[in-house]
Amino acid sequence: KGKKRGQKEQYPQPNVHQGYPTETLVRFLKAREWHVTNAHKMLVDCLNWRIQNEIDSILEKPIIPVDLYRSIRESQLVGLSGYSKEGVPVFAFGVGQSTYDKASVHYYVQSHIQINEYRDRIILPMATKKFRRPITTCIKVLDMTGLKLSALSLLKILTAISAVDELNYPEKAETYYIVNAPYIFSACWKVVKPLLQERTRKKVHVLSGRGKDELLKIMDHLSIPHFCRREGSSKASLSSVDDCFSLDHPFHQELYHYIEQQALNQELIKQGSLHVDIPDQDPDDAMIVEVIQAEFHKLGEQNGSADGDHK
């Protein structure tokens, strides 16, 4: 209204859309099955969440001291392993071996959001520039090595992180590749899969074993996460620079130094975690969590005392 001819439309919240408002609106519409009213509410709720929790300044708040951050990286396994042949960032997650037991839930949520924001503000724009086309999503490779029934105790923190992603970073993953899936995952996947929206189901690919051959079709060898490349599960032969979960990996070094520099610029360095409000889950997602819990309990009963390999 009142805009001069030829004047460029100004969109608020550049940290949400990174100069691609149409693609952003489509993501929210997809997440709400193209229901405009629901998508609008979701977007407004997301913007309010960002304002109330000062998400735009979260990359100015380092987790210190560095030893605490290192212990978070060792217990919340995530990293950028490389890029697909089409330039899409490949993020790796050590689902089965993340313990989330070295810090409070607030630190883990803060760290997760910082990685999301760094991805959206730095990684994706760099990929867009390099490949000369809008790159606004990523590929996620989930390593299920070590997944056990005891993971049930982590469901609360995983649900909190999942709610943050589903409601505030919708449709950011274009594909999920599951690798090294043990029996317990297969059993849960069998009951969860029918409950997912078809759109989500199509994104999830459960690969055989380490999935290396399948992943090589879409990315080069150096971009494949370390847990897909190596034989066996031993970390002994793995350099910390090759391990994309390690704080010594170039991605985590760049991320940590970027946040430190932003804090220095704002003179904001101080200890303490950032308390971010965890949005309430969608009812459909809450139902899926209940189904997973029930399946875990069932598997536990089948295994008697839950000792042995499936514990």
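Colleague: What makes α3 and α6 count as oblique to each other?
Modeller: Start with the numbers from this predicted model. The axes of α3 and helix α6 (residues 155-168) come within 9 Å and cross at roughly 120 degrees. Angles from 65 to 115 would be roughly perpendicular and those over 145 roughly antiparallel. The crossing of roughly 120 degrees fits neither range, so the helices are oblique to each other.

Colleague: Which residues meet where α3 faces α6?
Modeller: From α3 you get Met42, Cys46 and Trp49. On the α6 side, they meet Val164, Glu166, Leu167 and Asn168.

Colleague: Moving on to the strands, how do you know that β2 is largely enclosed by the rest of the structure?
Modeller: Check its residues against the cut-off: buried means under 20% relative accessible area. Six of the six residues in β2 (residues 89-94) are buried, so the strand is largely enclosed. Pro89, Phe91 and Phe93 point one way, while Val90, Ala92 and Gly94 point the other way, and all of them are buried.

Colleague: What makes β2 a partner of β1 and of β3?
Modeller: Pairing takes at least two bridges. Five bridges join β1 (residues 78-83) to β2, and these two run antiparallel. Five bridges also join β2 to β3 (residues 138-143), but here the strands run parallel. For examples, Tyr83 has Pro89 as its bridge partner in β2, and Ala92 stands opposite Val141 in β3.

Colleague: How does the chain get from β2 to β3?
Modeller: The path goes through helix α5 (residues 105-131), and this β-α-β crossover is right-handed.

Colleague: And what about the hairpin of β1 and β2: how many residues are between the strands?
Modeller: Five, and Gly87 in this hairpin takes a positive phi near 90 degrees. The C-alpha atom of Gly87 is 8.1 Å from that of Lys130, although these residues are 43 residues apart along the chain.

Colleague: Why is Lys130 called what it is, buried or exposed?
Modeller: The cut-off for exposed is over 50%. Lys130, which is found in helix α5, has a relative accessible area of 66%, so this residue is exposed.

Colleague: What is the order of the strands in the sheet?
Modeller: The order is β1-β2-β3-β4-β5, in an open sheet with mixed pairing. β1 and β5 (204-206) stand at the edges with a single partner strand each, so one side of each is left without a neighbour in the sheet. From one strand to the next, the twist averages 25 degrees.

Colleague: How do you know that β4 pairs with β5?
Modeller: Count the bridges. Three bridges join β4 to β5, and at least two are needed. The two strands run parallel, and Ile178 stands opposite Val206 in β5.

Colleague: Why does Thr175 count as buried?
Modeller: Its relative accessibility is 11%, so Thr175 falls on the buried side of the 20% cut-off. Thr175 sits in β4 (residues 173-179). Leaving aside residues up to four places away in sequence, Thr175 touches Cys138, Ile139, Lys140, Lys203 and His205.

Colleague: Now the backbone: what is special about the phi of Glu54 and of Arg132?
Modeller: Most residues other than glycine have a negative phi. Glu54 is not a glycine, yet its phi is positive, about 50 degrees. Arg132 also has a positive phi, near 55 degrees. Glu54 lies in the loop between α3 and α4, and Arg132 in the loop between α5 and β3.

Colleague: How do Glu54 and Arg132 count in terms of relative accessibility?
Modeller: Exposed means over 50%, and partly exposed covers what lies between that and 20%. Glu54 is at 48%, so this residue counts as partly exposed. Arg132 is at 79%, so that one counts as exposed.

Colleague: What kind of peptide bond runs from Ile64 to Pro65?
Modeller: A cis one, with omega near -5 degrees. Most peptide bonds are trans. Pro65 is in the loop between α3 (36-52) and α4 (66-75).

Colleague: Which residues of α4 are buried, and what covers them?
Modeller: The buried ones are Leu68, Tyr69, Ser71, Ile72, Arg73 and Ser75. Their cover includes β1, α5 and α11 (250-266).

Definitions and conventions: Residues are numbered from 1 along each chain as its sequence is written. This is a predicted model: local features need pLDDT of at least 70, side-chain atom pairs count only at pLDDT 80 or more; totals for chains, interfaces and linings use all residues. Side-chain values use heavy atoms; hydrogens and water are left out. Buried means under 20% relative accessible area, exposed over 50%, partly exposed in between (1.4 Å probe, protein chains only). Helices (H or I, at least four residues) and strands (E, at least two) are DSSP runs, numbered from the N terminus. A crossover is right-handed if, with the strands pointing away from the viewer, the path from the first strand over the helix to the second runs clockwise. Contact means heavy atoms within 4.5 Å. Axes are lines fitted to C-alpha atoms, for helices over the stretch in contact, and angles run from 0 to 180 degrees between N-to-C directions. Angles under 35 degrees count as roughly parallel, over 145 as roughly antiparallel, 65 to 115 as roughly perpendicular and the rest as oblique.
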